[in-house]
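Biologist: I am new to this structure and would love a close look at the inside of the protein. Could you walk me through how the side chains in there meet one another?

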Amino acid sequence: MPSLADVGWLAPYLTPFISLSYPTDTPSHPDSFPDSTYYKTGPNDLWLMISCIAVMAVLRDTLRLCLFEPFARWVLTRSYQAKREQYKLVHNGHANGVANGNGIPNGNGVANGNGHVAPLSRRKEQRKIHRSVLRFAEQGWQFVYYTTLWSYGFYIHRNVPTAVLNPTQLWLDYPHRTLAGPLKLYYIIETAFYTHQILIINAEARRKDHWQMMTHHVITVFLMGASYYYNLTRIGCLIMVLMDFCDIILPLAKMLRYLEVVQMLCDTLFALFMVSWFVTRHILFLLAIRSTWDSPKIVKLQWNPETGHYLSRGSLNVFLACLIALQLLQVAWFATICRVAWNVVMGVGASDSRSDDEDFGETESEAKEE
C-alpha cells in the first residue's frame, strides 16, 4: 500500500482513500517489521476504511454473482436432474406402496403415472435450489474472506513479539504509537469488515440470532476502533487471529451441506469446527483476557494523551467488560454447538431444527442452533 506522500497523481483530498496516512520515521530498534514503512494513527485512516468497505461490497457481490451462485446452481441442478431420472427408472408406471389415482407419493412432490414430476414438485425443487444457491454464495464469500485475512493476520502475528500461551510481551514498551504498514493495513481491513457486516445484517432479512450478532459486531467494532486509537493494537491483532480461525471451517461446512454432499464429511468438518472453537475462543481467548487483566503489572496505569498513554483504570475496565461480554456470547453459542454435536452422535447429523426458509442459516451462529 503506497503512503500518502508516494501518491502524487491524485488530489490531496483523495489520497487518504487509497493509501495509508501519517507516515513517520522507522523506530531506531523496531521489534517487528524492520524493513517496513511505519505510520502513526489519525482521523484520515477512516477514509481508507470506507474505501475498504466499498471494495468488500464489490468483491462480495462479484464473487457471489459470478462464481459461487453459478457453480452452486450448476451442481444442484445436475443433482436434482439425476434424482428425477432415477425416480423415473424406479417408479415409472408402478405404485410405490399405495397408489393414489394416477400418481404416487414422492419426497420431492407428486409424480404422475407416466413418471414425470408434476409442476408443483418442480416449483418446490426450484425454490429449494434457489435458497441453497443464495446461502452457498454467502458462505463462499465468508470462506474467502476469513481464509485470506486469517492467513494475513497469522503473518502479522508471526512478526510481532508475543506468545499465544503467555502473551505478556504484548504490553511491553506500551504505548505502541507507531505501526508497521502491514499491521496498520490489517487493522483497518478487519475493522472495515465488521463494520460492513453490521450493514449487511441490517439490510437483509433478519434471522433468529439477529440481536446476538448485532451485539457481537458492535462490541467488536468498538473494541477495534478504541484499541486502534488507544495504541492497543497488539492485543487486538492477537484476538482477531484467534477469532478468525474457526470461521474458516464453519462456512466450508455450510457450503458442502448446501451442495448436499456426503453427510459424514459435513459432520467431520463440524467436529473440527467445534474443537477449534473451544480451543481458540474458550482457552486461548481467555488467556488474552487474563493478559489484559494482568497488564497493570507491566504497564503503569495513567491517562496522558500527549504521550499516547491511554491505559487508565477506567479504560482498562471498559476493555475488560467488552471482552468478557464477547466471551459470554460465545459461551451461549457454544452451548448450541454442543447440542448440534449431540445430534451428530445420535445419528441426526449436523443440521439445525429450523424452518425451510432458515435451515442451516447464513449467519455465524445459525449453524450452532438446534
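Modeller: Happy to help; what follows goes from ring pairs to salt bridges and then to the nonpolar cores. Please keep in mind that this is a predicted model.

Let us begin with the aromatic rings. The count comes to 25 aromatic pairs. One of them joins F270 and F273, whose ring centres are 5.9 Å apart with 50° between the planes, a tilted arrangement. Both residues sit in helix α6, which covers residues 263-293, and being three residues apart there, they are separated by about one helical turn. Is F270 buried or exposed? F270 has a relative accessible area of 3%, so this residue counts as buried. F273 is buried too, with a relative accessible area of 1%.

Another ring pair involves helix α6 as well, but reaches over to a second helix. The ring centres of W277 and W333 lie 6.5 Å apart and their planes meet at 75°, so this pair is edge-to-face. W277 belongs to helix α6, while W333 belongs to helix α7 (residues 313-345), so the pair ties together parts that are 56 residues apart in sequence. W277 is buried, at a relative accessible area of 0%, and W333 is buried at 5%. Elsewhere, ring pairs link a whole cluster made of W141, Y145, Y146, F193 and Y194.

Now for the charged side chains. The structure holds eleven salt bridges. In one of them, D45 meets K184, and the closest N and O atoms are 3.0 Å apart. D45 lies in helix α1 (residues 45-91) and K184 in helix α3 (residues 181-203), so this bridge ties together parts that are 139 residues apart in sequence. You might ask how accessible D45 is. D45 has 5% relative accessibility; buried means under 20%, so D45 counts as buried. Its partner K184 is also buried, with a relative accessible area of 0%.

R64 is a good residue to look at next. With E69, R64 forms a salt bridge in which the closest N and O atoms are 3.7 Å apart. R64 has 14% relative accessibility and counts as buried, and E69 is buried with a relative accessible area of 8%. R64 also forms a salt bridge with E138, at 3.9 Å from N to O. Here R64 lies in helix α1 and E138 in helix α2 (residues 119-159), so the pair ties together parts that are 74 residues apart in sequence. Like R64, E138 is buried. These contacts belong to something wider: salt bridges that share partners join R60, D61, R64, E69 and E138 into one network.

Finally, let us turn to the nonpolar side chains. In soluble globular proteins, nonpolar side chains tend to be buried together. In this model, the largest nonpolar core has 53 residues, and those with the most contacts inside it are Y145 and F273. Helix α3 gives the largest share of this core, with eleven residues. A second, separate core has 26 residues, including Y230, L232, A288 and L311.

Two of the names should now be familiar to you. Y145 belongs to the ring cluster with W141, Y146, F193 and Y194, and F273 is the tilted partner of F270. To find your own way around, you could begin at Y145 and F273, the residues with the most contacts inside the largest core.

Notes:
Residues are numbered from 1 along each chain as its sequence is written. This is a predicted model: local features need pLDDT of at least 70, side-chain atom pairs count only at pLDDT 80 or more; totals for chains, interfaces and linings use all residues. Side-chain values use heavy atoms; hydrogens and water are left out. Rings of Phe, Tyr and Trp (its six-membered ring) pair if their centres lie within 6.5 Å; planes under 30 degrees apart count as stacked, over 60 as edge-to-face and the rest as tilted. Helices (H or I, at least four residues) and strands (E, at least two) are DSSP runs, numbered from the N terminus. Buried means under 20% relative accessible area, exposed over 50%, partly exposed in between (1.4 Å probe, protein chains only). A salt bridge is a side-chain nitrogen of Lys or Arg within 4 Å of a carboxyl oxygen of Asp or Glu. A nonpolar core is a set of buried Ala, Val, Leu, Ile, Met, Phe, Trp, Tyr and Cys residues joined through side-chain atoms within 4.5 Å.
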